[in-house]
Amino acid sequence: MIIVVVVVLVLIVLGLIIYNVTIHKKIQKFKNMNQRITNLYVVQDFMNAIGETSSVEEKIRKINDILIERYEIKYSTIVVFDGAEYQVKASNVDEKHWNALKSLQNLDMFKDSIESATPKYVTVNDENERLPYQKMEFGRAKSAIFFPLYIDNVYIGYWIMESGTPHDFDNVDTTVLEVIKENIVSVLKTIVHQKTLESIVRKDLFTGLYSEEYLYGEGRKIIDQYTISTICMFKIINIQQINKEYCRELGNKVITKISEYIKENISSEYVFVRYMGPKFVIAFSGVEASGVADFLNEIKEKIESMKISLTPEEIKTLNLDVRFKNAKQNDMAATPRLNFVISSYYKGTGLEEVLKKEEEYLDHADVNESDITNI
């Protein structure tokens, strides 16, 4: 009888062990699934942040806020080397501590981490201690994980997450943190191209218009406030003829006069840039192609009726040849001719592809074509 009871108890214990193991596996599986879902949400949030019409700095700050919120991180700081110095691009730590946070690469405790491209975990054992890199603060952070960031094997900075509790990251899932780090790197790699565009935007010497690059940064912010817009590219098709038959100075004046007229006659909500050489772009934000046809016809008609010439003062100042000095002003006047092409642009699609298609059309159009074409 006792043996039977013992056997039954053993079976019950074994059953409970098996049940507990099964429950533990299910809980672990649920945790892993929940973590994967969280990671997917974070990746989606990252992609949304990249797609937002904002500057590079704003996007990095948004990404850091996502990390803090989604993973319940106490402190998170992203530091990037800009080619000249290390800069805190995003942090929820008080700004008075940023000098210390952007100098971590100089500390021996983190140099090995940077050289080996591996994370570094530091913590204190007592509430009264402080982390070695904290010079002005005592109670803020008691544990931290330092992640060096690399783009294509090139060191570009680091991400450091901190906690106010000692040993708070002892049991953290490092694989999850590696995923987060790689997501940060992916985002930085994506927006570095936007930063490049923002830094090379220039204003044209003659027209005062922004260059092509403006369209892909600040210009896109304006355009993407609307679901659909119309992108117009036009070309001064006889500018080379003007330069050759008259002079380059008159050609430059033709360009400036056309630019001035268009700037004065379009809404401030529209983006107008000098695209390249004799080609210009007007982005009619929030306007469909059918809504710009009459306006462009009017613009074209007005510009092509202009007689643009150099004044006697300009001729004298520029020291042009005798044919200008002796000719009547109307005899040396140029009349520009324009060729227009327009296309619809939808928010979130490839603006550069629309522009490339329009440029190819104008470059391969008949030299005498002077129309408004919708492609």
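Buried here means under 20% relative accessible area, and by that yardstick 44% of the 375 residues in this chain are buried. Keep in mind that this is a predicted model. The chain runs through 12 helices and 10 strands, and what follows is a quick tour of its cores, its aromatic groups and one lysine.

**Overall picture**
- The accessible surface adds up to about 21000 Å², and carbon and sulfur atoms account for 52% of that.
- Looking at contacts between residues at least 6 apart in sequence, 66% of them link residues at least 24 apart.

**Nonpolar cores**
- The largest nonpolar core holds 33 residues, and the members touching the most others are Phe234, Leu250, Ile258, Ile262, Phe272, Ile282 and Ile303.
- Two or more residues of this core come from each of these elements: the strands β6 (228-236), β8 (279-284) and β9 (338-346), plus the helices α7 (239-245), α8 (248-265) and α9 (293-303).
- Helix α8 is the top contributor to that core, giving six residues.
- There's also a second, separate core, made of 21 residues, with Ile60, Tyr71, Ile156 and Trp159 among them.

**Aromatic groups**
- Across the whole structure, a search turns up 16 aromatic pairs.
- One of these joins tyrosine 150 and tyrosine 155 in a tilted arrangement, with ring centres 5.5 Å apart and 55° between the planes.
- Those two tyrosines also belong to an aromatic cluster, together with Phe81, Tyr86, Phe110, Tyr133, Phe146 and Tyr158.
- Tyrosine 150 has a relative accessible area of 23%, so it counts as partly exposed; the buried class stops under 20%.

**Lysine 89, a charged residue to look at**
- Lysine 89 sits in strand β2, which spans residues 86-91.
- Is lysine 89 buried or exposed? Its relative accessibility is 13%, so lysine 89 counts as buried.
- The lysine 89 side chain makes a polar contact of 3.1 Å with the side chain of glutamine 87.
- Setting aside neighbours within four places in sequence, lysine 89 is in contact with Glu57, Ile60, Arg61, Ile78 and Val80.
- Ile60, one of those contacts of lysine 89, is also a member of the second core.

Methods:
Residues are numbered from 1 along each chain as its sequence is written. This is a predicted model: local features need pLDDT of at least 70, side-chain atom pairs count only at pLDDT 80 or more; totals for chains, interfaces and linings use all residues. Side-chain values use heavy atoms; hydrogens and water are left out. Helices (H or I, at least four residues) and strands (E, at least two) are DSSP runs, numbered from the N terminus. Buried means under 20% relative accessible area, exposed over 50%, partly exposed in between (1.4 Å probe, protein chains only). A polar contact is a pair of N or O atoms within 3.5 Å; within protein, one must be able to donate a hydrogen and the other to accept it, and residues adjacent in sequence count only if both atoms are side-chain atoms. Contact means heavy atoms within 4.5 Å. A nonpolar core is a set of buried Ala, Val, Leu, Ile, Met, Phe, Trp, Tyr and Cys residues joined through side-chain atoms within 4.5 Å. Accessible areas come from the Shrake-Rupley method with a 1.4 Å probe; for residues, only the protein chains shown count as cover. Rings of Phe, Tyr and Trp (its six-membered ring) pair if their centres lie within 6.5 Å; planes under 30 degrees apart count as stacked, over 60 as edge-to-face and the rest as tilted.
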